[in-house]
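Hello,

Here is the structure for your files. Please open it alongside this note; my findings follow below.

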Amino acid sequence: MRAARLIKMVLLLQTRPSMTAAELARELEVSERTVARDVLSLSEAGVPVYADRGRAGGYRLIGGYRTRLTGLGRSEAEALFLSGVPSALREMGLADAASAARLKVSAALLPELRDAATGVAQRFHLDAPAWYQEPETPALLPEIADAVWDDRRITACYLRKDTEVERELEPYGLVLKAGVWYLAARTQGDYRVYRVDRFTSVAVTGHDNTPGTEDAGTGNTAERFTRDTTFDLPAFWAERAAQFARSILREEVTLRLSASGVRQLPYVTERTAAREAIARARSGDGPDEQGRLTVTLAVESADVAYAQLLALGPEGEILAPPELRARFAAAAHRTAALYT
């Protein structure tokens, strides 16, 4: 446990110019006193950790010290090779770079661990696109990925419904969701999300994109933006995804469910909305004397609810709105007629 913590401390100090005792304590989940003891142990072991005194002080490595990866265990090495998404790297034009990185890491591993890459690849594979959807790589994804990596401003044309609009964007990050690529970007001080396949053109701002001018001494330089270090892509995406899910659920349906219907509801409609509806119903009046639960479910529209909730069959009864109940009654009569 302590050995792993010491290794993590060295790796943290390798990636930053210096860190305060408080920062190290927070990252390592220990006290500042433990940090001081660990630094002393590293120094005694020959790791050149230096403490800067004073208000702006902290700990840092001196002399360009770098640790090697030969201390990786098998589970750590396998987790490292498992972390990549080959299809995503390929679509962003990074497959060659990722392959070279894996080779370098493999070369640094102990001989008995060098089968980790092959072993993991034969046991786990991530297939990002949803079923029954043929994934398509957006044509402009590599250019956008390059801008994201280099913090370069872009001028992009984007299809909004049937209208093409032009935007100056600071591309912060890419997200692959169910086979669809999205760009998180800042524009006019606001963070927004764009579907990559709706971009019709992308140009790096301040850069002459004419073929043959890259090294012609034209004086054109691509504009870089200063990245907000507090921006957290996973947290931003989770928040926007939740907002989107809530924004499209504009109508409500009341239905009475059997015990089987309660179990099935999260699988036929929006899962979070279904679970919230069931939780509210259970904390309210609860099931009736026949064990049926009446829930009020947020839905996108009556048409979407009709298509989704038909899958419940006799395990769900629509109570409101009346128009939707009438549609279900008519569908039930037509279905019964087919089996008469």
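Beyond its neighbours within four places in sequence, L255 is in contact (heavy atoms within 4.5 Å) with L293, T294, V295, L297, L309, L312, E317, I318 and L319. This is a predicted model: local features need pLDDT of at least 70, side-chain atom pairs count only at pLDDT 80 or more, and totals for chains, interfaces and linings use all residues. Residues are numbered from 1 along each chain as its sequence is written, and side-chain values use heavy atoms, with hydrogens and water left out.

L255 also belongs to the largest nonpolar core, which has 24 residues. A nonpolar core here is a set of buried Ala, Val, Leu, Ile, Met, Phe, Trp, Tyr and Cys residues joined through side-chain atoms within 4.5 Å. Buried means under 20% relative accessible area, exposed over 50%, and partly exposed in between (1.4 Å probe, protein chains only). V253, L255, L265, V295, L297 and L309 have the most contacts inside this core. Two or more residues each come from β8 (251-257), α10 (259-268), α11 (271-283), β9 (293-299), α12 (302-309) and α13 (322-338). Helices (H or I, at least four residues) and strands (E, at least two) are DSSP runs, numbered from the N terminus. The largest share, five residues, is from α11. Another core, of 22 residues, lies apart from this one; L140, A145, L174 and V202 are among its members.

Now the sheet. It is open, with five strands in the order β6-β5-β4-β3-β7 and antiparallel pairing. Strands pair if DSSP finds at least two bridges between them. β6 (190-195) and β7 (199-204) are the edge strands, each pairing on one side only. The twist averages 45° from one strand to the next.

β5 (residues 180-187) is joined to β6 by six bridges. Among the partners, T187 is matched with D190, and A185 with R192. On the β4 side, β5 pairs over seven bridges; there K177 partners V180. Both hairpins have two residues between the strands: A178 takes a positive phi near 50° in that of β4 and β5, and Q188 does so in that of β5 and β6.

How many residues of β5 are buried? Eight of its eight. V180, Y182, A184 and R186 point one way, and W181, L183, A185 and T187 the other.

Two helices lie across the sheet strands. α8 (residues 141-150) crosses β3, β4, β5 and β7, at about 75° to β4. α9 (residues 233-248) crosses β4, β5 and β6, at about 75° to β6. Axes are lines fitted to C-alpha atoms, for helices over the stretch in contact, and angles run from 0 to 180 degrees between N-to-C directions.

Best regards
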